[in-house]
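Reader: Hello! I have a model open in front of me and would love a close look at one small part of it, followed by a walk through the rest.

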Amino acid sequence: MTKVHFNNLKSVNDSIASELAQAFQRVLQSSSFILGHELQSFEIEFAAYCRVPHCIGVASGTDAIRLALLACGIGPGDEVITVSHTAVQTALAIAAAGAAPVFVDVDPQSYTLRPDQLSAALSPTTRAIVPVHLYGHCADMDPILEFATRHNLYVIEDAAQAHGSSYKGKSAGSIGTLGCFSFYPTKNLGACGDAGAVVTADAELATRVRRLRNYGESSKYRNETMGYNSRLDDLQAAILRVKLPRLEDWNENRRKLAAAYLSILDERFCPPRIRPECVSNYHLYVIQSDERDTLQEHLRANNIETLVHYPTPCHLQPAFRNIKHRCCDLHQTERLASRVVSLPMFPTLSILDAEHAARSVNSLIRPESRADALS
């Protein structure tokens, strides 16, 4: 039985191996490795892709959020509203900026921030909201932006999993005050190491992020502010430039795989339903099961790899015993953490393998359960 991998980076990179090698050689020949031509070109190209004027390449998606917060003047004594059902890096970036995360619940179908919980989370020290476009599904941005405008808050999008996703025709990352991306190798647009970017339409905030990533320098040997070493290097930028023109095709392949899953999966596994006004890049395809361990073992027996994103919410991570934070009602967050399962999803996955995975999921349903459902 052929193994269905959860992800296969090698197959993706093999398809463009000669161009990646050329990009590598181009950087070696130029010997410009930091803040050089490849980075500048990628920043222009990715800004255009996101339909914003400014892109600043940084060392990681985590740093993108941290530097975006710092550029907005957010730090110790401030609170930032976000979700707990996300990669812990979202919350750690807020804490690294010196602010305290305030966790709100998520919608059980889109897995994204519930705008109706924002009022309960608000305090006199709230400065920003960090909605997460999880699994490639955009958060419901209009009510978030309306609330933020009413209370004079920054909106910093965590678009680490949303390259090419959109909300009401607007590109993920371009909707809030700033947008933060990760180019970790497994992302839809992935580098060959850690990498990230901040995008924005605000020229002043772009200047601040650009200074913060490079020791606070405004020019060589002139340090305007306290800064950091958080630069997207030219080798990673060159690799991303090779991949960016293919991103739309890769995302479209993921959407076809998602359609194949949806056409077969029994609705009792709660396959994701994307809001009509949104386009997902299907970074992950996540279903739910009350018998997650049994389901994963069943799929493993059928040579199908799965993962769980994410088994422990941020607020229950050991690290947050010692990090200042607040929680609202997180019923759905904790329920999802015990139920979610990620099925294989990558652009070179075959439709046949996706269909096999979906049928294998369905085959776990006991015959008597099927009969009950039909009666």
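How many bridges join strand β6 to β7, and do the two run parallel or antiparallel?

Author: Happy to help! Please keep in mind that this is a predicted model. Two bridges join β6, which covers residues 166–167, to β7, and the two strands run antiparallel. You can find the pairing by looking at Tyr-167, which stands opposite Lys-170 of β7.

Now for the setting of that pair. β6 and β7 belong to an open sheet of three strands, in the order β7-β6-β12, with antiparallel pairing. β7 (170–171) and β12 (278–279) are the edge strands, and each has a single partner, so one side of each has no neighbour in the sheet.

There is another sheet to compare with this one. It is open too, and its eight strands follow the order β1-β9-β8-β5-β4-β2-β3-β14, with mixed pairing. Its edges are β1 (54–58) and β14 (326–327), each of which pairs on one side only. Inside that order, β4 (residues 126–129) and β5 (residues 154–158) run parallel and are joined by two bridges. Ala-128 has Tyr-154 of β5 as its bridge partner. Further along, β2 and β3 also pair in the parallel sense, over five bridges. Here Ile-81 has Val-102 in β3 as its bridge partner.

β3 deserves a moment of its own. This strand spans residues 100–104, and five of its five residues are buried, so the rest of the structure largely encloses β3. Ala-100, Val-102 and Val-104 point one way from the strand, while Pro-101 and Phe-103 point the other way, and all of them are buried. Val-102, the bridge partner of Ile-81, is thus in a strand with buried residues pointing both ways.

Two helices lie across strands of the eight-stranded sheet. Helix α4 (residues 61–71) lies across β1, β2 (79–83), β4, β5, β8 (178–182) and β9 (196–200), and runs at about 160 degrees to β8. Helix α8 (residues 203–212) lies across β1, β8 and β9, and runs at about 15 degrees to β1.

As a bench biochemist you may also want to know about the cysteines. The structure holds zero disulfides. Cys-55 is in none, and its nearest cysteine sulfur, on Cys-50, is 7.0 Å away. With a relative accessibility of 3%, Cys-55 counts as buried. Cys-314 is likewise in no disulfide, and the nearest cysteine sulfur to it is that of Cys-327, 9.8 Å away. Cys-314 counts as buried as well, at 0% relative accessibility.

Finally, let us step back to the chain as a whole. Its secondary structure comes to 14 helices and 15 strands. The radius of gyration is 21 Å, close to the 21 Å that the globule rule gives for 375 residues, so the chain is as compact as a globular protein of that length. Along the principal axes, the C-alpha atoms fill a box of roughly 75 × 55 × 35 Å. Of the 375 residues, 53% count as buried. Among contacts between residues at least 6 apart in sequence, 72% join residues at least 24 apart. The chain exposes about 15800 Å², and carbon and sulfur atoms supply 51% of that area.

Technical notes
Residues numbered from 1 in each chain as written. Predicted model: local features only at pLDDT ≥ 70, side-chain atom pairs only at ≥ 80, totals over all residues. Heavy atoms only, no water. Pairing = 2+ DSSP bridges. Helix = DSSP H or I, 4+ residues; strand = E, 2+ residues; numbered from the N terminus. Contact = heavy atoms within 4.5 Å. Axes fitted to C-alpha atoms, helices over the stretch in contact; angles between N-to-C directions. Rg over C-alpha atoms; globule rule 2.2 N^0.38 Å. Buried < 20%, exposed > 50% of the residue type's maximum accessible area, 1.4 Å probe, protein only. Areas by Shrake-Rupley, 256 points an atom, 1.4 Å probe, with all protein chains shown as cover. Disulfide = S-S within 2.5 Å.
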